[in-house]
Amino acid sequence: MRRKKRVQPIVCLRCRREIEVGHKSVAVYMFAQTVGVKPRQKSSAQRICFCPQCAVSLAMGMPPEGALNMAAWEMIRDLVSAEPTLNQAAWENLRGVVGLLGSGEDESATPRFRRAV
C-alpha cells in the first residue's frame, strides 16, 4: 500500500502568510556542496519562499547584513527588476488588502482630535 505524501503549506519567510499552491511567489533554493574534497558532499536543497509584496519590499529596501543574506538579496533584486510581473502581482495583492480596509471615517464616532484654529 502506497502512502500519500502530505503537502507542506508554503509560507512566506518574512510575513509568515500562507502562499497558495500555484499563486505567484519567489522561491530561493539553497544547498551546500564541498569543493576540492573527495568524495564530494552535497546537502539537501532547502526552499525559502517570499510572497510578491515581501519580495518587492526586500528588493527595494536596504541590503541586509551578512554575506549569505546579501547574496539572496541580490538574486531577489535581479528577479524584481527584470520583469514587471512580480511588481504587478504585489500591487494586485495590496489592492485586495486595501479594499478590505475601511476608509477610517466613521461618522457615528465622536472625533478624537480637535482641529487647531
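Colleague: Leaving aside neighbours within four places in sequence, which residues is Ile-76 in contact with?

Modeller: A contact is read from the distance between heavy atoms, which must lie within 4.5 Å. In this predicted model, Ile-76 touches Val-26, Val-28, Phe-50, Ala-55, Leu-58 and Ala-59, once the neighbours within four places are set aside.

Colleague: Which residues have the most contacts inside the largest nonpolar core?

Modeller: A nonpolar core is a set of buried residues of certain kinds, joined through their side-chain atoms. Here the largest such core has 16 residues, and Phe-50 and Ile-76 have the most contacts inside it. At least two residues each are supplied by β3 (26-30), β4 (46-50), α1 (52-60), α2 (67-82) and α3 (85-100). The largest share, 4 residues, comes from α1.

Colleague: How many helices and strands are there in the chain, and in what pattern do they follow?

Modeller: The chain has 3 helices and 4 strands. Along the sequence, the pattern reads β-β-β-β-α-α-α.

Colleague: What part of the contacts in the chain with a separation of 6 or more joins residues 24 or more positions apart?

Modeller: Such pairs account for 48% of the contacts with a separation of 6 or more.

Colleague: What percentage of the chain is buried, and how is its accessible surface made up?

Modeller: A residue is called buried when its relative accessible area is under 20%. Of the 117 residues in the chain, 18% are buried. The accessible surface comes to about 10500 Å², and carbon and sulfur atoms hold 55% of that surface.

Colleague: How many disulfides are found in the whole structure?

Modeller: The search finds 0 disulfides.

Colleague: Why is there no bond between Cys-15 and the closest cysteine sulfur?

Modeller: A disulfide requires two cysteine sulfur atoms within 2.5 Å. The sulfur of Cys-15 is 3.6 Å from that of Cys-12, its closest cysteine sulfur, and therefore too far for a bond. Cys-49 is likewise in no disulfide, with the nearest cysteine sulfur, in Cys-12, 8.4 Å away.

Colleague: Are Cys-15 and Cys-49 buried, partly exposed or exposed?

Modeller: Cys-15 is partly exposed, with a relative accessible area of 29%. Cys-49 has a relative accessible area of 6%, so Cys-49 counts as buried.

Colleague: Where does the charged end of Lys-42 sit?

Modeller: A charge over a ring is judged by its distance from the ring centre and its angle to the ring normal. The charged end of Lys-42 sits over the ring of Phe-31, at 5.0 Å from the ring centre.

Colleague: How many aromatic pairs are counted?

Modeller: Two aromatic rings pair if their centres lie within 6.5 Å. By this rule the count is 0 aromatic pairs.

Definitions and conventions:
Residues numbered from 1 in each chain as written. Predicted model: local features only at pLDDT ≥ 70, side-chain atom pairs only at ≥ 80, totals over all residues. Heavy atoms only, no water. Phe/Tyr/Trp six-rings, centres within 6.5 Å; stacked < 30°, edge-to-face > 60°. Lys NZ or Arg CZ within 6 Å of the ring centre and 35° of its normal. Buried < 20%, exposed > 50% of the residue type's maximum accessible area, 1.4 Å probe, protein only. Areas by Shrake-Rupley, 256 points an atom, 1.4 Å probe, with all protein chains shown as cover. Core = buried A, V, L, I, M, F, W, Y, C linked by side-chain atoms within 4.5 Å.
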